[in-house]
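Dear colleague,

I am passing on the structure below, together with a short account of what turned up when I went through it. Please read the notes alongside the coordinates and tell me if anything looks wrong to you.

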Amino acid sequence: MLKHAGFFGWLIVLFVWLVPGLALANDLKIHDVDPPKEGDPAARAKVSVYFELRQGNEAVTGINASDCTVVIDDKTPEVVSAEIKEFVHGDRGVAILFIFPIAKNYSEDSYGIRRLLLTLVQRIDRPIDMLNALPYDVGAKAVGWTRASERSLARSLDEMATTDVVEPNLFSAFGPAIAVMESVQNVSQKYVVLISDVEGAVAGDTDRAGRLINQFVEGLTKNNIRPIIIAYSPDGKETMPNVHLIKRIATNMNAPYFEAHDEARFTQFITQDVYNYIFKQHIYEATLNMDGSNYLPAGKYPFQLTVKLANTDEKAATKISWPRLKKNRTTLWVIISVAGVLIIGVVLFIVLRRRDDDEEIVDEGPQEVFCATCGKPIPKQLYGFKGEFCLSGGLPDCPYYQMPDRGKIQITRGVLADTTFFIKKDMTTIGSYPDNDIFLSDKSVSRKHAAIKTDEGKRYEIRDFGSANGLYINGEKIERKFLRDGDLIRFGAIETVFKLK
């Protein structure tokens, strides 16, 4: 008998030890997956996975990137690089609606709900998060959505007063809660934080209360809203006979349920545990090699995340849209390059052989080019220009000086200083291309930089042709302007002066 008693005793101890472990089973959920962008290289496909891993209501921490593995359409790609980031450092916002009583018998002196919520909302300060409150007595009306960083909800909570109602009706808040949660946009997760001890007239009608609870759960599930339930009475557990009604919400939806019978636990639940439950999540950012046999055409594919823990591997799956990525064509380019080199080598060989066989003597021509009128060497910057110009600054020793020109542009600085171009047309073009009437050979000058228009030499108007570096007259950037004798004109880095004879 003693032996049997010892055996059953150990069996009971083992059961008691295992049951809490089963109750606190790990729970891995994927909330969002950011796939690579269209056109990214498949060899460096960047993926961001927003997920949470909990044991009961507690977030599992200490997760390393090396503990995570992704499988996409049964393919396990090579991880080029990866890191784990905290959820608060991501770009996914949450929406949180707080439901709580404000009836006469829920004074701040006893409950302190608004004071504790004020502490919590002041801790939430990301501009991407949306906050709202739904206080209830015999009815319920939401305060309104506001960005967490704007602090509007904190001001509303601070100014909110207790009403004269004695019997608050929690169930009056269920319909407005679903409606207001449906209205919030541009968030990835939605939460309802319900704080109540389920007192009030309706709680006495168990059948009706059950129906309202079921309708509320259906609305939460349909809209993918996650409840967080906090039950509390400062007068102890015996004063909370109806909390089993809201506990059903947590049970049916596998949601967190906190029940406090003292102020210290109540304070911890609101100011710490709610925040941790919502924000103690993770982002797995990885660069994957999806090239070769792992390449996937654009489409929808099953996506699985595995997180390796000490005693188990936790897995969660979802479906994602996969974009069209660029395949790695290195091998093809190597083949093309080798073929190109071979072709160039053959062509060069043929050319060199022909040159060796060619006995014709080629006249290399003069090393310098001289002006046909004044005999001065022409700078290489003006080679190819066939228009008229003077290398002497328009001085009397230049044959062009006595010509009946209307006006002229003279370069004042650099290797082309004193070179003068004559304005002999109604429309004279200026640019870095030799076909222009005025040729300014410089990288800072556009091919068609500007033009000078004249009405038979009476007036000269210069216009910018949309040049890259602009047109400046006497240091001022202009689009068009009539010129006067002595105006300093700058085209890019070329400085000139406009002169009238």
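**Surface, fold and one helix pair**

The chain exposes about 27700 Å², of which carbon and sulfur atoms supply 52%. Please keep in mind that this is a predicted model, and that the values here are to be read with that in view.

As to the overall make-up, the chain has 501 residues, 44% of which count as buried, and its secondary structure comprises eight helices and 26 strands. If one takes the contacts between residues at least 6 apart in sequence, 65% of them join residues at least 24 apart.

The helix pair I looked at is α4, which spans residues 174-183, and α5, which spans residues 206-222; their axes come within 10 Å and cross at roughly 5°. Because angles under 35 degrees count as roughly parallel, α4 is described as roughly parallel to α5. On the α4 side the contact involves Phe174, Ala177 and Ile178, and these meet Leu212, Ile213, Phe216, Gly219 and Leu220 in α5. Sorted by character, the residues of this contact comprise seven nonpolar and one polar, with no charged residue.

Finally, a word on cysteines: a search of the whole structure finds zero disulfides. Cys68, at 6% relative accessibility, counts as buried because the cut-off is under 20%, and Cys390, at 1% relative accessibility, counts as buried too.

With best wishes

Technical notes
Residues are numbered from 1 along each chain as its sequence is written. This is a predicted model: local features need pLDDT of at least 70, side-chain atom pairs count only at pLDDT 80 or more; totals for chains, interfaces and linings use all residues. Side-chain values use heavy atoms; hydrogens and water are left out. Axes are lines fitted to C-alpha atoms, for helices over the stretch in contact, and angles run from 0 to 180 degrees between N-to-C directions. Helices (H or I, at least four residues) and strands (E, at least two) are DSSP runs, numbered from the N terminus. Angles under 35 degrees count as roughly parallel, over 145 as roughly antiparallel, 65 to 115 as roughly perpendicular and the rest as oblique. Contact means heavy atoms within 4.5 Å. Ala, Val, Leu, Ile, Met, Phe, Trp, Tyr, Cys and Pro count as nonpolar, Asp, Glu, Lys and Arg as charged, and the others, Gly among them, as polar. Buried means under 20% relative accessible area, exposed over 50%, partly exposed in between (1.4 Å probe, protein chains only). Accessible areas come from the Shrake-Rupley method with a 1.4 Å probe; for residues, only the protein chains shown count as cover. A disulfide is a pair of cysteine sulfur atoms within 2.5 Å.
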